[in-house]
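Okay, thanks everyone, I'll keep this short. Let me put the sequence and the structure up on the screen.

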Amino acid sequence: MVSWVLREDRASVNRALEEGLGISELQARLLANRGIGTVDEARRFLEPAYGDLHDPFLFSEMEKAAGILAESVALGKRILVHGDYDADGISGTALLFKVLRGMGADVRFFVPNRAKDGYGLARRVMERGIEVGQLGPLDLVISVDCGSSDDEVVSYLADRGVRTIITDHHEIAERVARADAFINPKLPSEKYPFTELAGVGVAFKLLQALEIRTGADLGLEKLLDYVAVGTLGDYSLLQGENRVLVSLGMRRLAEWDNPGFAALQRESNLPRSGFTARQVCFTIVPRLNSPGRVGSARDVVELLVTDDPVKAASIAATIENVNSTRKSLDAVVTEQACNLADVEMKKGAPSALVYSSDAWHEGVVGIGAARLAERYNLPSVLIAVNGDYGKGSARSAGLVNIKEALESCSRYLTLFGGHREAGGFTLPEKNIPDFRIMFDRVVGGMLEKYEDRNPVLFDSRVALGQCDMELASMIENMSPFGPGNEEPLLLIEGLKVLDGSRIVGNDHLKIRVSDDSGAVGELIGFSLGRAWNPVDLAGKRIEVLANLRKNKWQGREEPQVQVLRIRHSVREGKDT
């Protein structure tokens, strides 16, 4: 059973923040829990500014990269911006292309096809561009969100006189030797002070350097909506520079003066104001990702670089159709995987959920694995089989290190990669049964260590009556939330479950409660209806871990306690 533990109290820091900022003890505690130790740090956290961004020339090769790019633009050299097919790569490609086009550069863009090209620089397009001439005589290739492992393609280009600037953010042991400039904060020898930029963030730093180098006003502050959406789409840490970029970019996004983003807002029904980073991740980001998952992402870049609202609306409508197809494929995968999981969970207690099918589309198994992990709170793997091979996607449910788990199973894999939370791999179809057994065994060992060493940490105890609009507003001021800046997790104790609790929607648990002070409230636990029966809870005393958010509905705004975990007030019973 996972224990619930109050985060360590940094009493002296709390007092300094409380006195220096004139805030409540609770808000001071919440800030301190996010690693903020001084009043100046707190002000930068609560009021991020463009001037807080680092000098782009702190990248060791930025001077070289900016010089090559500035020269190429000035001399009319043919430039190809080569991106990736996900939201991060698409946003960065569109941003770089839009700015260079605005400078009058001879620039084209390309995003690979997942099925034809896979990940990384696509040699086929280079060959077509150089040898067949369809792209004209290429002079410079700039990668966005890719390229750090593409020594062979970069050498191919260098042999033919084409220069390359690699901008990327993926883990890498050493630079691509023949790249003319290499900009990646994860390079071990790199001294740039912030390592967690998304791909679009690295591309933005290149443009910052270009602006300084040329003395031109490129209007970069007005383009931070691209950076915000791409960074959120990559699930990058929302700390340091990323927090500044996303905070300011969210404000720009809310202006809706980019025709492409405005068209996506209408198609997705995202509120025009008052929306959160989480809502962007569930509305705009999937629509940027969908075409690349099931087809070509080129239209998405076209959408983000057009200045024509009519064209934007037309492309967005097409993307919406693609997204509907993606959702249909996703729904099939998720439903079938959940049915398999329900059967397996009745038979025993697996450490991980691992399923495969030749009927699943490889572009959506990652989404399905994420949904499976969220629903069952177990590390999950789904594998799309095509002929003799399968392509799999794994999600950690926040419990284990997926990259390490895949490394432990590497004997069965032909290719794999990833990070702590997620990973992907390819394997022979015949290896799937052995991989499934080994993955479950490896994850089982990891979970034993996790439960011993990784309790659920919560930020503060609060009373039911404290969960009001004032506290919800205070928490909202700490947004945007995401990796590295998680929403405050609150413990509410001494609750009695009242009659009228029920299941609503798709397995959501709505609980009516009161506490000893006489306060009465209604809590919502999304997707908790499978784990907790409201009839069984009636009359029981419980405590919950929850987020407090503002719920906006039909023009009204009210505080909403969103429950993540429940346990009985006495120690018998179960946690979830």
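I'll go from the overall picture to one sheet, and then to the cysteines.

First, a reminder that this is a predicted model. So how big is the radius of gyration here? For 576 residues, a compact globule would come out near 25 Å, and the protein has 25 Å, so the two agree. If you box up the C-alpha atoms along the principal axes, you get roughly 75 × 60 × 45 Å. Inside that we have 20 helices and 19 strands. Of the 576 residues, 53% count as buried. The exposed surface is about 25000 Å², and carbon and sulfur atoms supply 47% of that. On contacts: taking those between residues at least 6 apart in sequence, 64% join residues at least 24 apart.

Now the sheet. Strands of a sheet pair through backbone hydrogen bonds, either parallel or antiparallel. Here we're looking at an open sheet of 5 strands with parallel pairing, and the order runs β3-β2-β4-β5-β6. The edges are β3, residues 106-110, and β6, residues 181-183, each pairing on one side only. Going from one strand to the next, the twist averages 15°. If you zoom in on β2, residues 78-82, it pairs with β3 in the parallel sense over 5 bridges. Find His82 there, and opposite it in β3 you'll see Phe110.

Last, the cysteines. How many disulfides does a search of the whole structure find? The count is 0. Cys146 is buried, with a relative accessible area of 0%. Cys467 is at 11%, and because buried means under 20%, it counts as buried.

Technical notes
Residues are numbered from 1 along each chain as its sequence is written. This is a predicted model: local features need pLDDT of at least 70, side-chain atom pairs count only at pLDDT 80 or more; totals for chains, interfaces and linings use all residues. Side-chain values use heavy atoms; hydrogens and water are left out. Two strands pair if DSSP finds at least two bridges between them. Helices (H or I, at least four residues) and strands (E, at least two) are DSSP runs, numbered from the N terminus. Axes are lines fitted to C-alpha atoms, for helices over the stretch in contact, and angles run from 0 to 180 degrees between N-to-C directions. A disulfide is a pair of cysteine sulfur atoms within 2.5 Å. Buried means under 20% relative accessible area, exposed over 50%, partly exposed in between (1.4 Å probe, protein chains only). The radius of gyration is taken over C-alpha atoms; the globule rule is 2.2 Å times the number of residues to the power 0.38. Contact means heavy atoms within 4.5 Å. Accessible areas come from the Shrake-Rupley method with a 1.4 Å probe; for residues, only the protein chains shown count as cover.
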